[in-house]
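Colleague: Please take a close look at the aromatic pairs here. I would like the details of each one, then the setting.

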Amino acid sequence: MTVTGQIDGAPLTLRFGFRFSEMEGYWVLSIADQFGNPLLDSCPLVTGDEGAANLLEQHGYLRIGSIFVINVSGVSQDLPGIGNLGVDFALLWDDSPSP
């Protein structure tokens, strides 16, 4: 999936890739720039202890915003399984860079 937004007033195009890791039992996210150069690879899509954690918080130096995994249906799972990413769980990308 390719998304174009603005960071600090400048256009930014990112390519998001998702795959389910059968071995680990969770989804992972990869992000590349508009040319396909990897910026982040295999970031686990887990919600954290507080329910919704900024997955990119430790990668703030990239200045590409924040991503949260949100439980949108109220299922009792803590993280999306193989069949419910995009159904019971959604990703929210905030294009405001982390401080």
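Modeller: A residue is buried when its relative accessible area is under 20%, and exposed when that area is over 50%; partly exposed lies in between. Phe-16 has 8% relative accessibility, so Phe-16 counts as buried. Keep in mind that this model is predicted.

Now the pairs. Searching the whole structure gives two aromatic pairs. One of them joins Phe-16 and Trp-93. The ring centres are 5.6 Å apart, and the planes meet at 65°. That makes the pair edge-to-face, because the angle is over 60 degrees. The two partners come from distant parts of the chain, 77 residues apart. Phe-16 sits in strand β2, residues 10-21. Trp-93 sits in strand β6, residues 89-94. Burial splits this pair: Phe-16 is buried, whereas Trp-93 has a relative accessible area of 22% and is therefore partly exposed.

Phe-20 and Trp-27 make another pair, also edge-to-face. Here the centres are 5.5 Å apart, with 75° between the planes. Phe-20 and Trp-27 are both buried.

Next, the setting. The protein chain has six strands and zero helices. Along the sequence the pattern reads β-β-β-β-β-β. The chain has 99 residues, and 33% of them count as buried. Take the contacts between residues at least 6 apart in sequence: 35% of these join residues at least 24 apart. The chain exposes about 5,900 Å². Carbon and sulfur atoms supply 53% of that area.

Terms used. Residues are numbered from 1 along each chain as its sequence is written. This is a predicted model: local features need pLDDT of at least 70, side-chain atom pairs count only at pLDDT 80 or more; totals for chains, interfaces and linings use all residues. Side-chain values use heavy atoms; hydrogens and water are left out. Rings of Phe, Tyr and Trp (its six-membered ring) pair if their centres lie within 6.5 Å; planes under 30 degrees apart count as stacked, over 60 as edge-to-face and the rest as tilted. Helices (H or I, at least four residues) and strands (E, at least two) are DSSP runs, numbered from the N terminus. Buried means under 20% relative accessible area, exposed over 50%, partly exposed in between (1.4 Å probe, protein chains only). Contact means heavy atoms within 4.5 Å. Accessible areas come from the Shrake-Rupley method with a 1.4 Å probe; for residues, only the protein chains shown count as cover.
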